[in-house]
Each structure stands twice: as C-alpha cells, then as structure tokens.
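Work through the exercises below with the model open. Each one sets a task and then solves it step by step.

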There are 2 protein chains.
Amino acid sequence: MPRPRQSDIAKLAGVSQATVSVVLGGNRSGLRMAERTRLRVLAAAEQLGYVPDPVATRLASRHNSLLGVYTFKRTFPTNVADSYYPILVGVEEEAAALGQDLVLFTGARDHDAAELRRTRIADGCLFFGRHVPADAVAPLVADGFPLVYIGRRDEPGIPYVGADYVTASAAVVRRLVGLGHREIRYLREPDEAPSSADRERGVLDAAREAGLDVGVVRTDGPAPVRRWVEQGVTAVVVEETDTSAAYLSVRRAVEQAGLSVPHDLSLAVLGQPPDEDPAVTGFQVPRYEMGRAAVRLLVDLVTGVVTPDSPQAHRLLPCTPVPGRSVGAPNTANRQGT
Amino acid sequence: MPRPRQSDIAKLAGVSQATVSVVLGGNRSGLRMAERTRLRVLAAAEQLGYVPDPVATRLASRHNSLLGVYTFKRTFPTNVADSYYPILVGVEEEAAALGQDLVLFTGARDHDAAELRRTRIADGCLFFGRHVPADAVAPLVADGFPLVYIGRRDEPGIPYVGADYVTASAAVVRRLVGLGHREIRYLREPDEAPSSADRERGVLDAAREAGLDVGVVRTDGPAPVRRWVEQGVTAVVVEETDTSAAYLSVRRAVEQAGLSVPHDLSLAVLGQPPDEDPAVTGFQVPRYEMGRAAVRLLVDLVTGVVTPDSPQAHRLLPCTPVPGRSVGAPNTANRQGT
DNA sequence: CTGAAAGCGCTTACAG
DNA sequence: CTGAAAGCGCTTACAG
C-alpha cells in the first residue's frame, strides 16, 4: 500500500485536495473554515497516517523542516575525538528543540557545485570544514539559499557562527606578557584559513600592545624548541587546529630536548590540546554552543527573521580561558645562562 | 537573473522541454535521437549555465535518495564510546558509496506511531536500539515501507541485520569446556531482548552439548562471585550489553573478592568490554560491517531487489573471537580447597 | 466557506 | 526521430 496523499485524505473527508492542504498547513493565510471540516480533515489524515512529502512540499513552496548538514569530511568521524564532533551534538540538540530534522549530505568526493547543489532539498544548510570551496558555494549564495558556515568566513554576505579567536589568542599572549615574558615565539601551521588568521592577529595585536616583537614561525616540520630556548625564548605559543600538528610537534620537541614545562619554558596553546589536557594553558572553543547557535541562525535565515548580510548573521562566540599549569614566570637563570 | 530551466534550453535549442530532459538525462531509455540535436541541446545548456533542480528531479523520479536513520537515543551520542557509534560510521560510508543521503530522526520524545511516521519522508529507514516498540513500527511494516532493524528481531517479515550471538557465545563456552571447566556460571542482565536471548541460547547449547548444567543467573545487582568460587565454580561468562552493567558488576566483585584472573577464576565476556580491553576473553561484534550491510539491504528493499520476507532480508553477521588472557585452565587446587 | 485551476521543474510514457 | 501530454505531491492564488 502506497503512502497516503492529500488527495486520499480529501476523498475520505469529502473535501478537495486544496482544502486538505490548507488545513494541514495550519491555515496560514487565515481562511475562514468550518471547524467541523477542519476536524474531519485532521481525523482523516490521522486515520490514514498521512505524512507530507518533503520533496513535493519543497517544490511547491519552500519549507519542509529539513536542515542540511554538509561536511567536507565524514560526518561520523572515525576519530571520535574529532574537533567538530561536539558541534554536531549541539546541532542535533538544537534541531530537535526546534522541530527540525537533519539531512546529512555525505559521500561527496569532489565538493563541486553539482555536489553542493544536492543540499537544496533542505530548507537551508550548515557547512562544516576548515576549507570550504567558496566558488562552489557561490551559486547557492547567489540564489539566496539559506546557509550558515561553522567558522568565520571572509566573504561578505555569508552568514557564519565562529569562535572569537582574536580575543582569546590575545588574552593568552597578554597573560604571558603579564608574567614577565619578553621573548615569545608563535608557532603556526602553514595552512591558511580564517581561524588561523584570527589567531595570528590576536597574537600580534597583543604583542604590539606590549611593544614586543613575537616571532611568527610557520612550519609543518619539527619545532626547533631547543634552539629557541638557547636563544633566550621563554615562552612558546602554539596554534591548535583540527589536526593538532603544530601542538604535537612542539610537545615532541620539548620532550626530546628534555625541557621542563613551565620551568624551562612556558607553553600555551591557542585552543585545547587533542587529549583535552586541562594542565595545558589555552582556551576552550565553544563548539557545542556554536552548533546550537548555527542551527538557530539557520532557522532565522530560513524564516526570513534575519537577512544574510545583517550583523546577526555573523556571530563570533567567546572562548573560555583554560588557565592550565604549563605557563609560569620566565626562568631568569635559564635566560642568563645562554 | 533567475536560474535557467529546461524550458529555457528548449527555447534556445529549438526543441521541446521533454527532449531537453531526455538529452540531459543521458537518454537512459535509449531513444533514437539525432546527434546534431543532442549536441545543440548540450551547447544551449552549457551556454545558459543550466543546473538541474534536485527537488524537481526527485519529485518526478519518485524516489528521494534519502534514507532515514531512527535512533531511540541521541544520534550523536554524548558518550562517543557508545556501542552503536561504529555502526553509524558504517551506515554513513555505505550510504555515501550508494549515493544516498541520510535523514536523522531525532528529537527523543515518545516513540509512538505518530513519531515513527515521520520516517516516511525517506525512501526507507534504519532502526537502532535494543528495544524497538514493535506495535509502533507495525503500521509502517504493514504499509510495505522499507525498513531494516539493526539487530535480530523475532517478528517475522521484518528485515534485520544483526550479529550471530548464538554461534559466538557457544564458541566461548566450548572454549572453557575444552580447557577443562565443568562448573560454569552465566551472568546476564534481567533485561529481555533478542540479542540477550541469542547469547543465552548459545551458552545453553554449548553446555548441553558438553553434558553440563551451566547455571544462568539473572541480576542487576552485585555478582556473588566469591560465593561461586567457594562453591567450586571455575569460570564465569558474562553478558555484554550497551550498558555493560553485568560485566562491570562482575569485575567489581572479582576485585573486591581479591580474586586473580584467570588463576582463581576464568572470566569471559559475550561481547567486548566497554574499554575494549583485548586482554578480556570474548568476541567482537562486527558493528561497522553491520552498518554497511544494513544500508545495502535497505537500498535493496527500496529498489525491490529483495523482499522483506526473503532470507536475504534477515542477516546475521559472524563475530570475531577475542582470545584474551582472562581465561585459562581451571585451578584444581582451588576446587579441592573448598 | 470550499472547489477548481495553475504551477513549482522535472521524468516518463505515448503519440505521431 | 521529436513533440505534446500527463503526472510526481504539494501550495497558492482565484473563483464561486
């Protein structure tokens, strides 16, 4: 037995299919309608177990309580400690709270325009990933398809929910400066992304503020921590991305050099280390809240409450500082010894 | 400028809209068609930058390429070590491979018929969970809606992909018997489910085969391990469910009794302990493969390749034995000492 | 108050 | 070979 259509309900209730549509749609246009008729239609729908076809609904109007989730990696990460997993949890909870179902767009090999187009069966779509091919997304944006990026974007008119890395990163450097550090290195991965640019900007802002010249080192190789210490460096700040490459590199180098943290060297991470070690000084990215906020924004975009270029469509959530124990006052003895 | 549609291409190429559809669809039905016409249409489409509307395509072609995933818990578990997480990974990968998108039905309310009915927006649906309210699912089954349970079901005509707990559990007991154990206890949780029944059956089958009377103990309280050992029990087999209640209870009891495993007592788990400790004797449930197989089966059901009551619609996947080190020969000294 | 009609952008028979 | 038509299941004007 095929699933029931509105026409089936209409037949059963003795009304027209259009009337069924009006009733089931909650009579948004405020048509006058006999209560009896309304109840009769509702009862028939219940009896038949009616469920609207999302595709037809979407074609005829533009609303099916379906939100897309497009990830540029697997949605269910094999590595469950994956950095965007908590975001997904927030997304799911908020979607559930707002009565929206989620469509996972996965299996995308080339993330080209044709691939991204599939998202249009949803009312709007969330995009995940450090790198999102802007040109592939452009057609969607141009057509006014509601979408929200997780993570800040440079492109104007593109809504996003990100983390305020500038402020959080600056705070980390200010703390080091406050402890007396003057020779600080910032190690970041060569990979370019808005979130990386923001962290670097925060570091440089705080350095300039203190009249310091923090050396920014880009590398995907081993970190020359030992040499830095010999040169008088007392603190190292490390970028944290979803691969943790830079942080892991520094941690290894520190171990191999036999350095004691924070005695010989203060170490801070711009984010949280992969094992979420609270002993490491850094900050927490509000991933869960980002997920929730992104869904709320997307729904507001879909319903037209918010427009893509309004300020509300560009949100940066504050990060929570993690004091840790990997940062201390600079070891003057060390410094003089070099 | 609005997006071009097939009718725009048709106008430009001087053909009908239907012809455009045929050409762009790759002429699946193998209609005869002038190559010149084909090229003209293609050129026009290219010139206008045509992009098919996925919603209209799906409506017209009568299938959504949408597979439902209905979980009776959160889809993105807060506890990422959750036992069905690997299944989800398999589901996602196979869905991706088959070009199917996934709709997550969440919202965790009462799982009644009305709630489950929402799944019908998908072409078919996967159901997760130890307990699935059979009566709520019945209407879907009756309507011929394609669905697949994860885990064996008793209800005839309901497709499932589960694990072969009978065989795997029997193998565990046979191994103990082979090592010389004669006094064996089986501890299981009181909770009833097909997967629990299968494990118990495997245990009892192997026991009968060996002419032994394995005592089956149902409890959700502390396990009286110490007393068992005093009574001459040399091996304990424990059920493993998604809560791990029984296993954790036994482990605690063994520790408190100061027993040494496997010296004083052999310990085997019918599954894998929560921390996936390979030192514990048991077996691995092929969760990842179950996820993949379930999606394949669901797609076959949707396309009609397989019918719900055929043997192929009821699959039990083999579990992989985990030898472990928690099982050894019975300690005769202990036995005599009591 | 309710029905008939048009149309969303496609696919798929079915006539020529 | 190609066009005209019907129809996928809905929503939204527009007549009564």
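**Exercise 1. Describe the protein surface around DNA strand D.**

Solution. Step 1: collect the residues near the strand, where near means having a heavy atom within 4 Å of it. There are 25 around DNA strand D, and Arg5(A), Gln17(A), Ser21(A), Tyr50(A) and Arg32(B) come nearest. Of the atoms of DNA strand D that come within 4 Å of the protein, 64% belong to sugar and phosphate.

The model is predicted: local features need pLDDT of at least 70 and side-chain atom pairs count only at pLDDT 80 or more, while totals for chains, interfaces and linings use all residues. Residues are numbered from 1 along each chain as its sequence is written, chains are lettered from A and ligands numbered from 1 in the order in which they are written, and side-chain values use heavy atoms, with hydrogens and water left out.

Step 2: look for N or O atoms next to the phosphates. An N or O atom in the side chain of Ser21(A) is 2.4 Å from a phosphate oxygen of DNA strand D, and for the side chain of Gln6(A) the distance is 3.0 Å. Ser16(B) uses a backbone N or O atom, which lies 3.1 Å from a phosphate oxygen of the strand.

Step 3: assign the surface to elements, with helices (H or I, at least four residues) and strands (E, at least two) taken as DSSP runs numbered from the N terminus. Two or more residues come from each of helix H2 (17-24) and helix H4 (54-60) of chain A, and helix H2 (17-24) and helix H4 (54-61) of chain B.

**Exercise 2. Carry out the analysis for DNA strand C.**

Solution. Step 1: 25 residues surround DNA strand C, with Ser16(A), Arg5(B), Gln17(B), Ser21(B) and Tyr50(B) the closest. Sugar and phosphate make up 61% of the strand C atoms that come within 4 Å of the protein.

Step 2: a polar backbone atom of Ser16(A) is 2.8 Å from a phosphate oxygen of DNA strand C. From chain B, a polar side-chain atom of Tyr50(B) lies 2.8 Å from a phosphate oxygen of this strand. A base oxygen of DNA strand C is 3.5 Å from a backbone N or O atom of Leu59(A).

Step 3: H2 and H4 of chain A, and H2 and H4 of chain B, each supply at least two residues of the surface near DNA strand C.

**Exercise 3. Characterise the interface between chain A and chain B.**

Solution. Step 1: count contacts (heavy atoms within 4.5 Å). 35 residues of chain B touch 37 residues of chain A.

Step 2: take the buried area, which is the accessible area (1.4 Å probe) that two parts lose on being put together, summed over both. The two chains bury about 3,800 Å² between them, 62% of it on carbon and sulfur atoms.

Step 3: search for salt bridges, defined by a side-chain nitrogen of Lys or Arg within 4 Å of a carboxyl oxygen of Asp or Glu. The count between chain B and chain A is zero.

Step 4: locate the contributing elements. On the side of chain B that touches chain A, H4, helix H5 (85-97) and strand S2 (101-105) each supply at least two residues. H5(B) gives the most, with six residues.

Step 5: examine strand pairing, which requires at least two DSSP bridges. Strand S2 (residues 101-105) of chain A pairs with S2(B) in the antiparallel sense over three bridges. Val103(A) stands opposite Val103(B).

Technical notes:
Polar contact = N/O pair within 3.5 Å; in protein donor to acceptor, adjacent residues only side chain to side chain.
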